[in-house]
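The following note is offered to a colleague who is beginning to read structures. Please keep the sequence and the model in view while going through the points.

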Amino acid sequence: MKSLMEIYRYTFSYRWQAILTIIFNLLFVIFNLLSIVLLIPFLQMIFKTEEVKYVAKPVYKGITHIVEYVTNSYQYIMQEMVKDDPKSALLFVCVTVFIAFFLKSLFRYGAIWHQSQLRMAVVRDIKNKLYAKALRLPMSYYTEERKGDLMSRMNSDVGEIEIAVVSMLELVFREPFAVLTSIAGLIYISPKLTLISFILLPVSAFVISRIGKSLKRTAKAGQEQNGIVYSAIDETLGGIKVVKAFNAIRYVQANFEKINLRHQQLITKAFRKRDLSPPLNEVLGSAVMICLVWFGGVMILDGQSGLTGSKFVGFIIIFSQLLRPIQGIATSVGNLNKAQPSQDRINEILNTEETIEQQVGAIPLTTFEDSIELDHVWFRYKDEMVLQDVSFSLKRGKTIALVGESGSGKSTIADLLPRFYDVSEGVIRIDGQDIRTYQLEDLHRHIGIVSQESILFNDTVRSNIAFGMDDAPMEKIIEAAKIAHAHEFIINMENGYDSVIGERGNKLSGGQKQRLSIARAIMKNPSILILDEATSALDTESEKIVQGALDELMKDRTSLIIAHRLSTVINADEILVLSKGKIAERGTHQELLEKKGLYHNLCSLQGMQS
Ligand SMILES: Nc1ncnc2c1ncn2[C@@H]1O[C@H](COP(=O)(O)OP(=O)(O)OP(=O)(O)O)[C@@H](O)[C@H]1O
Ligand SMILES: [Mg+2]
């Protein structure tokens, strides 16, 4: 119920669009009915079989009698015209009926016009809100499954809300009105026949809804299978190298054919059910109609109830149109029900706490003067402590290297500095102040990160280097690229600095991507630099080039470098050897070698014995 209220709120977040949609929809319903009612005198005229009772010139008796007044006036004008010239009367009816049809369509279009604007605006707003939230979620939120889930929520769940908004407009404000006015029209023409038709109606509605439900089940199964088919394609084409190398083509193909066959069967079943409903609808509908024609015909033949042939035709037309809004209500209710879980799923994201939040009254961090200090830092992602009592101090202009086996917590330490995560215990200080007291943006401004995997965006080289800066001068960008040893290959690209590098930079080699990431870090000109395995994905040749770029980058900066290849950390001012989240050894390269401990072993393993 709460989420229903929320959908209602979304619907009216653009109040005027909503109100106009509703007004136009109501006008549409009125003129839809009117266009039928106006046909009745027309039929009376051409059939000529009926005694038309004479209408005296009507007098306006106030708003409560407006319907009577309008219909009587219309008949009065008609009958006066018929007296003079029946053909002009015919023309008059034709024109008025046409105007009614025209206005009905016009209002329908007006309603759709505002409605589509409204629904798309709502979709845009929700997506913007979700995206903004997604960017601010705590780092721990972004696991692979969560990412997929987030995307699906932004897509299909928002889609459900969109449909629900439309349903809300139609369900609450149009269809009930359409049903009521149609029923009023029916009663106006013949109360007795209305009663009869209402006994017939539920019978057919029941059958139709049964088919609909069964169809939905099959269609849903078909859709799920469709998803399976697509992920099979995605997975195997994504891993096509493995498929080929392992001679698994036939196996994969047979598997796919099985899945695809299942999909075919389900969808065929769904199609059959779906295609069954129009003819069935027609048979049922005509059965109801025939019954009505029987009862109506008898009433006309009896000639007691005041029902005439032309009125009866009008009755039939209105009645045949009654099913549409009734079905509309049923679908709308279904849509609103379907949207509620979607709404909940969206809210779940919007209400997720941003655990890394800036403190109220956070202080600015203008310059980095002295040191970064980890003071007895403990950290856990979930239950297990990943960092245990880590303390070190990185003085300005110095370099500290973190080495140690995989999973020892090196990257975790790197993630704590920009507050991707907050420490579980202990404190990290910059210039003596807890980093949690600084403004987040300031903190990030001072820290540059180059990680093992270069993270680039499908944009031009230029914007990737000047990432996040709006008006970076071109000379600065080129300068950064030169320092990063990237200028050479960039100008050799088709469009130079304006070349688009493809999704995640897939048009570039690993070394090129990495040099772009370094150029980006240089461009940012941070005082504190974090290099997490910046060169380990590269071959020796490009590693040399990139290492050269990194050396340039590290000049006069405070750096924390993480490396597997110990040759890159020899010159660090201090090397910390991590083991299972603890600092096991610390010292310079020489000191550590002399200790003949862990570091010495690592060096021997890598063939470094100097
Ligand atoms: N997001 C996460 N959620 C839960 N546990 C994590 C997460 N990231 C890392 N871990 C765990 O924390 C421990 C330390 O991981 P970390 O990435 O810091 O290691 P590392 O020293 O950088 O290793 P590598 O050299 O392989 O990069 C590992 O046991 C890892 O499984
Ligand atoms: Mg790591």
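1. A polar contact is a pair of N or O atoms within 3.5 Å. The model under review is predicted, and this cut-off is applied to ligand 1 in the next point.

2. Which side chains place a polar atom by an oxygen atom of ligand 1? A polar side-chain atom of His564 lies 3.4 Å from such an oxygen, and for Ser411 the distance from a polar side-chain atom to an oxygen atom of the ligand is 2.7 Å. Tyr381 has a polar side-chain atom 3.5 Å from a nitrogen atom of ligand 1. On its own, ligand 1 has 630 Å² of accessible area, of which the protein covers 61%.

3. The shell should also be considered as a whole. There are 13 residues around ligand 1, and those that come nearest are Ser406, Gly407, Lys410, Ser411 and Thr412. Sorted by class, the shell consists of seven polar, three nonpolar and three charged residues. Helix H12 (residues 410–416) supplies three residues, the largest share of this shell.

4. A separate point concerns the protein surface. Leu91, Val95, Phe98, Ile99, Phe102 and Leu106 make a nonpolar surface patch of about 590 Å². One of these residues, Val95, belongs to helix H5 (residues 86–136).

5. Why can Val95 count towards this patch? Patch residues need over 30% relative accessible area; Val95 has 41% and is therefore partly exposed and above that cut-off.

Key. Residues are numbered from 1 along each chain as its sequence is written. Chains are lettered from A and ligands numbered from 1 in the order in which they are written. This is a predicted model: local features need pLDDT of at least 70, side-chain atom pairs count only at pLDDT 80 or more; totals for chains, interfaces and linings use all residues. Side-chain values use heavy atoms; hydrogens and water are left out. Patches are made of residues with over 30% relative accessible area and no salt bridge: like charges are joined within 9 Å, nonpolar side chains (Val, Leu, Ile, Met, Phe, Trp, Tyr) within 5 Å. Accessible areas come from the Shrake-Rupley method with a 1.4 Å probe; for residues, only the protein chains shown count as cover. A salt bridge is a side-chain nitrogen of Lys or Arg within 4 Å of a carboxyl oxygen of Asp or Glu. Helices (H or I, at least four residues) and strands (E, at least two) are DSSP runs, numbered from the N terminus. Buried means under 20% relative accessible area, exposed over 50%, partly exposed in between (1.4 Å probe, protein chains only). A residue is near a molecule or strand if one of its heavy atoms lies within 4 Å of it. A polar contact is a pair of N or O atoms within 3.5 Å; within protein, one must be able to donate a hydrogen and the other to accept it, and residues adjacent in sequence count only if both atoms are side-chain atoms. Ala, Val, Leu, Ile, Met, Phe, Trp, Tyr, Cys and Pro count as nonpolar, Asp, Glu, Lys and Arg as charged, and the others, Gly among them, as polar.
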